[in-house]
Amino acid sequence: MPRTPHSAPHLRVMSVLGLLAALLLPLGMTSAPGALAAPTADPVRVMPLGDSITGSPGCWRAVLWNRLVNSGYKDIDFVGTLPTQGCGQAHDGDNEGHGGELVTNVADQNLLPGRLASTRPDIVVMHFGTNDVWSSIAPDRILAAYTKLVTQMRASNPDMRILVAQLIPMNPSSCAGCAQRVVDFNARIPGWARATGTDRSPVTVVDQWTGFSTAADTYDGVHPNASGDDKIAARWFPALSAVLDAGVPQDPGDPGDPGEDPAACTARFRAVSSWQGGYQGEVTVTNTSASAVRGWTATVVPANGARLTQLWNGSLTTAADGTATVRNAAWNGTLAPGASATFGFVATVPATAGTPAATVTCTGTAPAA
């Protein structure tokens, strides 16, 4: 019987290929791309939480997102039930910044648990309470709302990392008393944070007030303009990057790996000496957790326009607004429970600056198991 030309050689080739496939399959070699790729960790989920300063459009989030990505933080995911609201630059715009909301209403109406369940954040970045201050709500009541929200965050994720802002200044034309009320409320936040933070779920205060001008950095005395967005993002960045560097447990209800948990620490500022145009200061970092830390990162926000120019016993990175991030030196990063390390610096100040002052915070890193 005549055969179709070339059919036999074709069949022989196919048979050989089939034999090769049969031999290779038991060895786990397949043609499926990526079949042997190792699983990757889930992105760290960060929820920006607040009111219109955070979400309408809250362009500091876009600035912060791009600064994080450009600094090498790739596995992050901004989350929230609200989508991006413009800002003119590519970024992950999901957020929980509801224009006009009062933090006291969110607490009283139990609005946060549903939002947490939908987004499952690992970190909350919160600038919340401007509308409450504007409405003359007492600081005690606002802080009680803060506490309830933190409780709800920890019910969602016992390992929640929480960054809480001291509010940016406010001076709207329709509220003569708002400026001072922000000052009074901000003064209460550090004490509340110390009482509320835990080793497992630390609360970090981020000073968004110092160096922020309602005249230069807002368009209406309340909401940030482009300059204000840059300043807000610059203040969030060192605090958020410190938490990301320390590692965030991502299994709610699981204590996490010891090598990934941030360890609790405190930072204390002291002015050593001062002179016209400058001063010498020092910061003492103390391990307040029950286990040793293998490293620490401190954030120094100098007051009155000061800038750190020299530093010893650590490594210094300074943001455009003067916020300084200090990481331990190779020889003073490991701290036993209760142990301390001190770094010193020289700062320059404007001629009109008052008494040296700075807001300082820190994050420690637990040793690997």
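**Exercise 1. Which residues of H7 are buried?**

Solution. Start with the helix itself, keeping in mind that the model is predicted. H7 covers residues 139-156. Its buried residues are Ile-142, Leu-143, Ala-145, Tyr-146, Leu-149, Val-150, Gln-152 and Met-153. Now think about helix geometry: with 3.6 residues a turn, positions three or four places apart point the same way. Try reading the list again with that in mind: Ile-142, Ala-145, Tyr-146 and Leu-149 are among the buried ones.

**Exercise 2. Check the length of H7 against the ideal rise per residue.**

Solution. Step one: take 18 residues at 1.5 Å a residue, which should give a span of 26 Å. Step two: compare that with the end C-alpha atoms, which are 26 Å apart. The two values agree.

**Exercise 3. Describe how H7 packs on H9.**

Solution. First the geometry. H9 is the helix at residues 189-196, and its axis lies 11 Å from that of H7, at an angle of about 35°. The crossing is right-handed.

Next, the residues that meet. H7 brings Leu-143, Tyr-146, Thr-147, Val-150 and Arg-154, while H9 brings Ile-189, Trp-192 and Thr-196. Sort this contact by class and you get five nonpolar, two polar and one charged residues.

**Exercise 4. Which residues have the most contacts inside the largest nonpolar core?**

Solution. That core has 62 residues, and Tyr-146, Leu-149 and Met-153 have the most contacts inside it. These names should ring a bell: Tyr-146, Leu-149 and Met-153 are among the buried residues of H7. Still, the element that gives the most to this core is H11 (residues 226-246), with eight residues. A second core, of 24 residues, lies apart from it and includes Tyr-279, Ala-298, Val-300 and Leu-308.

Now zoom in on Tyr-146. Skipping neighbours within four places in sequence, its contacts are Val-103, Met-126, Phe-128, Val-164, Leu-167, Phe-185, Ile-189 and Trp-192. Ile-189 and Trp-192 belong to the H9 side of the helix pair. As a rule, nonpolar side chains in soluble globular proteins tend to be buried together.

**Exercise 5. Is His-98 buried or exposed?**

Solution. Find it first: His-98 is in the loop between strand E3 (96-97) and helix H4 (103-108). Its relative accessibility is 16%, so it counts as buried; the cut-off for that is under 20%. Then list what it touches beyond four places in sequence: Gly-50, Asp-51, Ser-52, Thr-81, Leu-82 and Arg-115. Take Thr-81 from that list: it sits 17 residues from His-98 in sequence, with 9.8 Å between their C-alpha atoms.

**Exercise 6. Find backbone oddities in the loops.**

Solution. Use the usual pattern as your yardstick: most residues other than glycine have a negative phi, and most peptide bonds are trans.

- Ser-56 to Pro-57 is a cis peptide bond, with omega near 0°; Pro-57 is in the loop between H2 (52-55) and H3 (60-70).
- Arg-120 isn't a glycine, yet its phi is positive, about 50°; the loop between H5 (112-119) and E4 (123-127) holds Arg-120.
- Asn-304, also not a glycine, has a positive phi of about 60°; look for Asn-304 between E10 (295-302) and E11 (307-312). At 42% relative accessibility, Asn-304 counts as partly exposed.

**Exercise 7. How many helices and strands are in the protein?**

Solution. Count eleven helices and 15 strands. Of the 369 residues, 49% are buried.

Note on methods
Residues numbered from 1 in each chain as written. Predicted model: local features only at pLDDT ≥ 70, side-chain atom pairs only at ≥ 80, totals over all residues. Heavy atoms only, no water. Helix = DSSP H or I, 4+ residues; strand = E, 2+ residues; numbered from the N terminus. Expected span 1.5 Å × (residues − 1). Buried < 20%, exposed > 50% of the residue type's maximum accessible area, 1.4 Å probe, protein only. Axes fitted to C-alpha atoms, helices over the stretch in contact; angles between N-to-C directions. Left-handed = near helix turned anticlockwise from the far one by under 90°. Contact = heavy atoms within 4.5 Å. Nonpolar A, V, L, I, M, F, W, Y, C, P; charged D, E, K, R; others polar. Core = buried A, V, L, I, M, F, W, Y, C linked by side-chain atoms within 4.5 Å.
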